[in-house]
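Colleague: Please pick one part of this model and go through it closely, in words a first-year student can follow. After that, set it beside a few other places in the chain.

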Amino acid sequence: MSETLHQKLLGIVEDVHEEMMRSLVDAPAPERAPQRPALEARLSACGFEESLAVATAFRGACVRMLANGAGDADVVEIVEACLRSASPDAAIRNLERYLDNTSPSVFVRTMLAARPVLHLVATVLGTSQHLADILIRQPGFVYWLMEQRTWESPDDVASYEAWLERETEPFRTVEGKLNAVRRMHRQALLKIGAMDLVGIAPVEDVTRRLSDLADACARTVLEIVFDEIAVDDTHPRGLAVIAMGKLGGRELNYSSDIDLIFASDDADEETMQFYTKVARRVTDAVNALTEEGYLYRVDLRLRPDGKAGPLVNSEAALRVYYENRGRPWEFQALLKARTIAGDFELGARVLETLAKLIFNPALPYSPLEAVGAMRDQIKDNLPSSQRGYNIKLMAGGIRDIEFVAQAIQLMHGHRLPEIRTGNTLAALGHVRRLDLLKPWDVDNLAAAYRFFRLVEHRLQMMHQFQTHTLPDSDAEVVLLARRVSTGPLGSYTTESFVEVLSKHLNNVRTFADSFFAGESVHPHSVLLMLPEDHERAVSVLQHYGIRDVPRAMHTLHAMAYGSFPRFLDRRARASFENLLPLLLEDIAATGDPDQTLVHVSQIAAGERSEAAFYKMLTDSAPARRLIVAIAGMSSLLTRELCAQIGTLDSLLEHGDRVDETLTTIAEWERFSGQDAARRGVAAEERRMREREWFERLRLRTFAECVRRNFGPGPHGATGELARATAARLHLAAAFDEMIPEREHVAVFALGSYAVGEPRITSDVDLVIVADGVDLPDLTQRLHVINQWFSDGRILKLDYRLRAEGTSSPLVQDISFYEEYFRSRASLWERAAFAKCAAWWGGEDVRRRFLRLLRSFAARPFSGEETPQLVEFRKKVESLAPRQFVEWDTKRSPGARYDIEYLCAIGLAGGAKDRLDYFTMSTRERVAALVEASAISESDSAMLHDALDLFGLVEHLMDLQEMTHPSSEERAEYLASYLDRTLEHLGLSRGSTRARLVSTKKAVRESFERVVR
């Protein structure tokens, strides 16, 4: 526990202690006692549920310990142990109940003297309500668990029988003896569960102990019943109890039914009636619920003719039935048959006779087909609500593993007697040793079986219910993951638990589907079924540029099979298997194959039909190229496509969907600051739709860029013209609605948006000018527009380039700008205002402001001003990152600002003669420099190449939401990513990092020649 959490708990316990002491002496609370949050809230901050029941239990447990001499720190240590359990809430509630039934002082002293036992007790109290109830009912069992001999005593049938004999011997009545069996069973179950929960007993050892306990109980009960019913010791006892199912395979659960068949020797009718009476009495005794609980639920339906058949069948009757009327599923069930009580010689004869029928090489049917048909029947009859949640019967669950093992036993048991075992893991071990399946297939099946059985145990041991159903709520999945973590297979987070569960279900389902269909496993399915660190998997995926093989294996697994609780069908899996080699080839060429694969999987998961999606990508190379481009080049667009997966079809269509988007702007519904609160829900919905509109535009623009390989296009090389057009249209719609004084207001865009070259991440720089308008009221409405776009994550509006920046009002009258431009404007503002476009407003205001701006900015820089401007450029350089400066394409020497200032200085002299001066793009300004003889044609070509390089690098970084590297590792990753991506696009000309360095050097040289 952290020091902070410890202090929080200590403070809570101290307050409970103080409250308890005041109540004992009937003292009033201090008049100036500090106001503290309610106990429920304080406990919630520590990891408990915020509920009155938990707070009441917590207070009660603390008071019982404190009132019996425990110190505050002692109580905190015990509470912390509860917090470490799977369910702290259950642990604290059960702790209070336990303390009600024992001596709190002895308990606290004992737990603090034996902290491993404290961990064990807290684990039991917080993981299994059934085991907790046993402890609460018999508090002394805690101290029994502390004894070394408890843990050293063997847990097998013989030791359990000896224990039962000691427990039943003092009693003379049948019910007294049977209750003694129930008490011993409860105590033994506590020890098995404790060993399981602390992880010292593997799953197969737990099921073996549970089965041995059941064997011993069955034998003891049978003897008690024989002694009760038999006339004397000479009465016939030729009755064998044969276990089927999990008990037969020594794989019993905590709450399994026990499937039994009663077999007798060939006897007369009177003796058979006696055996039937014994069998019925044994069944009733095991089933009976008394004040001491019950032993097991007995299921007799696997006997010949089921419920309609006799309770006891003679050896001859069993042979005749199975020879003449035995069905394939019954022979399959008999694989687990094992004599557990009664006449073992008789049981051995019966099972030997039946084995000749089960393992008959001349069976008139195919065991594989018969078991497969039984598997299909179970799946078909499983309710739809259980198909994705029943760990036993769902596709890929426990039953699939058992059926694979049983089918192999039926196929090969006649020639390989060693595989004739009812235990699934033992059977799989023989299958592996005899090389009947590939080793990794067997290992996957065995690992899945152990995991599923542990999950099954945790589901059942909570309340001792026979359940196999996985929870469907997030909160219950979290609890199950924590309960599974208290065991022999290690700990899991909720995410890793779901991941491992999904992986095992999918591995088993895939193998079982192929196995029972008689199909060879697809080569790429083999890849998915290999262990994550298998050398074959590592080799294959590394060949495709994958670095994190375990993560890639998990991703491929999820794409092929889905994950809990949503799994894909065989059609989807087959489609994915066809796509996989093509997909791996395509992602191998991207900048980061690992990330590309993850992004493709996210897009696939967003589709309604993965099977159709995979088939489309397999059949259409252009569609696959676009999806891989989105996934490989943009985490941003991947996220937006997943959110609007319905746009995928339109992205795959050729044609100018960008223009279509730009001409179908979502309606700007009436909105104002006054009714924002009243219409909050509707406003938020509209804002979401508008944000989605921009996301669709980004996706369609990107699709267009991919189709023309990021060359020049109607919407810019990287879609920058479309972004600028979209911003202008939506802002104009907002201004139309919010500012009715259109004729007296004008809105101007500055910078990259003004000239149609904004990056994805660029702010929209705006200047608002008014003439004869109530400025405070207008400002308020502009704030509403700003909040609308910024809070909705639609556009980020920036007004800092207005006159006098953030220290001035958001809106200024045009007369203010007349005076400001004439007397106070800074030199750098002439360069900043050189890119300015009128976006909205009255014609007169716009014309007057542009006239002012032309007189201010469109004039030559004097001999004194140019050095000042150069000096200011150097100040901007100081804002560039000091490390890995080559990756800064904006502020650093030779970067984009050099070109901007070069154009501003070089064109200022002839600016007054150009009507398009303020709206020229940077590329147009560079071309104009050649016309003005400010630079040479070769310089122009170099600057255009620089702009292309800077723009592409910036765009690729924006798409992946990359920032300037802060370490050499990140810088190297960025270099590798850009090199691979540009090569993938066919735009590579060597090392991107080296090109940036040489390009910026050439730009700086050109800049210095012009401004010298």
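Modeller: What follows starts with a single strand and then turns to charged side chains.

This is a predicted model, so local features need pLDDT of at least 70 and side-chain atom pairs count only at pLDDT 80 or more, while totals for chains, interfaces and linings use all residues. Residues are numbered from 1 along each chain as its sequence is written, and side-chain values use heavy atoms, with hydrogens and water left out.

The average pLDDT of the chain (the predictor's confidence in each residue, from 0 to 100) is 90, and 95% of the residues score at least 70. Residues 669-679 fall below 50; this stretch still has 20 contacts (heavy atoms within 4.5 Å) beyond near neighbours in sequence. Where pLDDT is low, the predicted coordinates should not be read in detail.

The part chosen is strand β2, residues 258-264. Its name follows DSSP runs: helices (H or I) have at least four residues, strands (E) at least two, and both are numbered from the N terminus. In β2, 7 of 7 residues are buried, where buried is under 20% relative accessible area, exposed is over 50% and partly exposed is in between (1.4 Å probe, protein chains only). In a regular strand the side chains alternate between the two faces of the sheet. On one side of β2 are Ile258, Leu260, Phe262 and Ser264, and on the other are Asp259, Ile261 and Ala263; both faces are covered.

Now the partners of β2. Strands pair if DSSP finds at least two bridges between them. With strand β1 (residues 239-244), β2 forms 6 bridges in the antiparallel sense, and Ala240 has Ala263 as its bridge partner. Ala263 also stands opposite Asn313 in β4; strand β4 (residues 312-314) pairs with β2 in the parallel sense over 3 bridges. Strand β3 (residues 298-299) runs parallel to β2 and is joined to it by 2 bridges, with Asp259 opposite Asp299. Together with helix α15 (residues 269-287), β2 and β3 make a right-handed β-α-β unit. Right-handed here describes a path from the first strand over the helix to the second that runs clockwise when the strands point away from the viewer.

What about charged side chains elsewhere? The whole structure has 73 salt bridges, each a side-chain nitrogen of Lys or Arg within 4 Å of a carboxyl oxygen of Asp or Glu. One of them joins Arg375 and Asp513 at 2.8 Å, N to O. Arg375 is in helix α19 (residues 367-381) and Asp513 in helix α24 (residues 494-517), 138 residues apart. Both residues are buried.

Another joins Arg698 and Glu640 at 2.7 Å, N to O. Arg698 belongs to helix α35 (residues 680-707) and Glu640 to helix α32 (residues 635-643), 58 residues apart. Glu640 counts as buried because its relative accessibility is 5%.

The side chains of Arg923 and Asp948 also meet in a salt bridge (2.7 Å, N to O). Arg923 is in helix α44 (residues 922-931) and Asp948 in helix α45 (residues 937-959), so the pair ties together parts 25 residues apart in sequence. Arg923, at 37% relative accessibility, is partly exposed, and so is Asp948, at 42%.

Asp765, in strand β9 (residues 764-770), is buried yet has no salt bridge. The nearest side chain of opposite charge (Lys and Arg count as positive, Asp and Glu as negative; His and the chain ends are not counted) is Arg800, 5.7 Å away.
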